[in-house]
Structure formats: C-alpha cells, structure tokens
Amino acid sequence: MNINKNIAISETGFIFNPTTGDSFTTNRIGNDIIKLLQTGLEPGDVISTIYEQYSIDRQTLEKDFGDFMYMLKNYQILRTDD
Amino acid sequence: MTKKNLTVAVTGLNNIDSPGPGIPVIRALKESAKFDVRIIGLSYESLEPGLYMHDLVDKSYQIPMPPAGSSVLYDRLEYIHAQEQIDVIIPNFDSELHNFIRITPQLKQLGIATFLPSQELFESRHKSVLDEFGKENGVSVPKSKMITSIADLRDLDEEFTYPLVIKGKFYEAMIASNLEQAINYFYKISAKWGLPIIVQEYISGIEVNVTALGDGTGRCIGAVPMRKLTITDKGKAWAGIVLDDDELIDISRRIVEKSKWRGGCELEYIKSPKGEYYLLEMNPRFPAWVYLAVGCGQNHPEALLQMALGERVEPFESFTQGKLFVRYSYDMIVDIAEFEKISTLGEL
C-alpha cells in the first residue's frame with residue numbers, strides 16, 4: 001500500500017494528483033498519515049504512530065483510519081499492489 | 001534575436017461564453033519570440049468581442065458566412081489582402097475550414113500561406129466517420145451512426161441502448177435518456193446546425209482533452225492534455241488543469257502521427273472508470289483553451305506559423321506541470337461609432 005509516486009502534498013495539506021488533475025485538502029492528521037505512508041510504513045505502524053501523537057481512543061482511530069484509506073484509494077491517491 | 005515582421009489574419013474572434021479560439025491564438029502569436037505579428041481579425045458578426053480588443057487585433061474585416069461558399073470568401077480575402085498584405089491566415093472554426101481548404105491554392109498564388117489539412121484528411125476525422133478513423137489510427141471510439149430523420153432514430157433500438165449522445169455535425173452534443181428526449185434533441189440540434197445528426201454510444205467517465213499540432217508528414221509537434229475543472233452550461237471549460245498523463249499523450253501522438261495530421265487539432269476523450277480512453281471527437285483546429293499550452297511552454301500557434309512559412313519545427317519534448325487556466329468575463333466599453341463602422345463598412 002503506497003501513496004502514488006507523482007502525488008504532490010504540501011505542508012498546508014493541499015494534495016495534488018497531476019495525472020487526474022484532482023486536488024484535495026486534508027487536515028493536519030490526514031497530512032501526517034499521508035506523510036507516514038510515504039515513508040513506507042505499514043498501515044498498522046501508521047496507526048500506532050498516530051495513536052502515540054494524538055489523544056484519541058484506539059478503536060475510533062482504527063475506524064477513521066480505515067475510512068480515510070478507502071477515500072485515498074477512491075481518489076487514486078493511494079495505490080494497492082493487489 | 002531580431003523578430004520577423006508578419007501580418008497574420010485570424011478568425012474566431014467570438015470570445016464569448018462558448019469561445020472561438022481566435023483570441024487565445026492571437027495572444028500566443030503576440031508572445032512569440034520569433035515573430036512580431038500584426039493581427040488582422042476576420043469576423044462574421046459585429047459583436048464578436050475580439051473586434052474591439054485593439055491591444056490584440058490591429059485591424060478587422062467582416063467576411064461572408066460559410067454557407068456563402070468559397071468563391072465569395074476568396075473575393076473578400078483578395079480585397080483584404082490588397083489592403084493589408086497578409087502573410088498567413090489561421091482559420092479557427094470547424095464550419096469555415098472546408099471553404100479555406102478549397103481556396104488554399106488560390107491563396108498561395110496571392111502569397112498567403114496557410115497550414116491546413118487536405119480535404120480528404122479533414123473529412124476523415126469527421127464525427128460521422130469517426131468509427132473508421134478510430135480503426136485506422138488504433139484508438140477506441142464509441143459506436144456512432146449518422147442519421148437524417150426521426151424514422152432513423154426510431155430504428156436505433158437494435159443497435160443502441162439509452163442513454164445515447166445526440167450530436168450536431170459541427171457543434172453541440174446532448175445526452176438523451178429515452179426516445180422522446182432523443183427526438184427533442186434531434187430537432188433542436190438539426191434546426192441549429194443542419195443534418196446529418198450523429199448518434200453516439202454513451203460512455204461514462206471523465207472527459208479529458210488534448211491540444212495537439214501535426215506537421216503533415218507524420219510528426220506530432222506538440223501535445224498538451226487538460227481536464228476541465230469548471231464547465232459552463234454549454235459544456236465549455238471555464239477552468240482547466242494540465243495533466244501529467246503519459247498514456248494520453250502517447251495515444252494522441254499516435255493519432256496525429258498515423259493520420260499525418262496537418263495543423264492544430266483538439267482531441268476529446270472519455271476516460272472510463274477502468275482507465276480506458278475513448279476518442280469522442282477530433283476537432284480540426286486549435287481549441288479555445290490552446291493558451292494553456294503556451295502557459296506550459298508549448299506555443300503551438302507560433303509553431304504552426306513557422307510551418308506555414310515552410311520552416312522545419314522540432315517537436316516539443318515536454319511541458320510544465322501544475323498549471324491551470326481560469327477564464328473570466330470582462331465588460332469593454334465600446335463607442336457606438338466603432339460598432340457602426342464594422343456594421344456598415346465591414347471594417348474596423
């Protein structure tokens with residue numbers, strides 16, 4: 001599971017896909033998740049890192065993380081190798 | 001470097017909500033590093049905004065509407081040439097190209113250069129024969145059929161399923177969900193653009209477009225893809241963004257190269273949810289958004305001008321990513337004397 005290579009992500013949370021022309025904005029947590037995924041971390045490790053950084057219960061985090069991954073895939077930001 | 005002085009006549013000055021490509025082409029030429037151009041605007045109506053854009057258009061003349069035919073057009077251009085010594089003409093409307101192509105040899109004799117496809121090539125990409133064009137050039141095309149009557153529309157049941165697209169021979173397309181809508185659109189479009197009407201299979205997906213330029217020998221000089229971000233009620237782009245899509249560029253290059261396209265063109269595609277590209281139309285002139293290509297480092301109108309003058313142009317190899325265009329409307333205040341002049345004398 002990787003962020004597509006040509007996706008541009010700014011510090012402000014602006015995400016741009018030059019292949020489709022789509023652009024999105026995300027909040028700070030979303031930006032952190034994408035940056036962690038870009039480093040090659042597995043989803044489980046990303047959840048653990050976010051859990052350590054933010055005050056949130058693990059169950060809510062895992063559910064929201066799953067929704068966020070689905071959204072990233074749907075918008076062709078995230079590539080799954082399967 | 002000294003710029004070469006040229007007088008270039010351009011049509012398509014209708015910079016309205018469904019804009020002609022004339023003004024973007026002129027902007028591109030005015031920004032040329034190679035040419036210092038004097039622009040002669042050729043208009044069909046007295047309220048084409050380009051007529052009054054004196055910072056872009058140096059002198060304007062009205063020309064006869066396309067149905068008047070090529071000989072009337074030639075007479076008018078001969079007169080304009082006697083006044084202005086035109087070096088190159090760049091026509092920008094689908095509906096006028098037939099006439100311009102026909103008089104190309106005569107224009108050449110006058111010393112006016114053009115860079116247009118042959119009549120045969122022009123006809124080969126026509127909406128009514130796009131199926132064959134797709135097969136010859138290795139690109140998928142939605143199934144389409146040319147019809148001339150409501151009876152033909154009623155007989156489509158076995159070949160097509162709704163929704164389907166009802167298209168005019170030059171402009172406009174509407175999506176019909178059932179026979180009643182199809183009949184309604186048939187009348188609407190045929191009243192405006194005449195017959196035949198083209199019926200096309202509806203493919204769902206994202207519309208993407210490419211502005212391209214061919215040198216007529218099988219080389220694609222440039223190709224820049226764009227996706228519309230804001231669309232007017234007429235389906236025209238009001239904002240668009242350049243795409244970094246190698247597959248789309250490859251397909252477009254292949255079409256221009258295999259067909260040996262000569263001149264500017266716009267390739268309109270649908271990208272299906274599976275990522276397949278279907279060519280919907282190949283328009284035989286630059287699109288109204290061609291200035292985006294200039295903004296990305298490919299000045300297609302300048303390259304076309306060079307080729308019209310017989311110069312060899314090397315293909316553009318890349319373009320700048322991350323650029324978008326945003327259109328705007330702007331009210332010019334025009335003196336009635338100018339409107340009177342173009343309306344009565346046909347010159348401004």
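Helix α3 (residues 58-74) of chain A has 17 residues and, at 1.5 Å a residue, should span 24 Å; its end C-alpha atoms sit 24 Å apart, which agrees. The expected span here is 1.5 Å times one less than the number of residues in the helix. Right after α3(A) comes A:Gln76, with a positive phi near 60°. This is a predicted model, in which local features need pLDDT of at least 70, side-chain atom pairs count only at pLDDT 80 or more, and totals for chains, interfaces and linings use all residues. Residues are numbered from 1 along each chain as its sequence is written, while chains are lettered from A and ligands numbered from 1 in the order in which they are written.

Chain A has three helices and five strands, running β-β-β-β-α-α-α-β along the sequence. The radius of gyration of chain A is 12 Å, close to the 12 Å from the globule rule for 82 residues, so chain A is as compact as a globular protein of that length. That radius is taken over C-alpha atoms, and the rule is 2.2 Å times the number of residues to the power 0.38. Helices (H or I, at least four residues) and strands (E, at least two) are DSSP runs numbered from the N terminus. The C-alpha atoms of chain A fill a box of roughly 35 × 30 × 20 Å along the principal axes.

As for confidence, chain A has a mean pLDDT (the predictor's confidence in each residue, from 0 to 100) of 91, with 98% of its residues at 70 or more. Within chain A, the mean is lowest in strand β1 (residues 2-3), at 85, and highest in helix α2 (residues 43-53), at 95.

Turning to chain B, there are twelve helices and 14 strands. The radius of gyration of chain B is 20 Å, close to the 20 Å that the globule rule gives for 348 residues, so chain B is as compact as a globular protein of that length. Its C-alpha atoms take up a box of roughly 60 × 45 × 40 Å along the principal axes. The domain assignment (automatic or from a database) splits chain B into domain 1 (4-116 + 331-344), domain 2 (121-125 + 204-326) and domain 3 (143-201). Over C-alpha atoms, the centres of domain 2 and domain 3 of chain B are 27 Å apart.

Where the chains meet, chain B puts in eight residues and chain A four. Contact means C-beta atoms, placed from the backbone, within 7 Å.

Notes: Contact = placed C-beta atoms within 7 Å.
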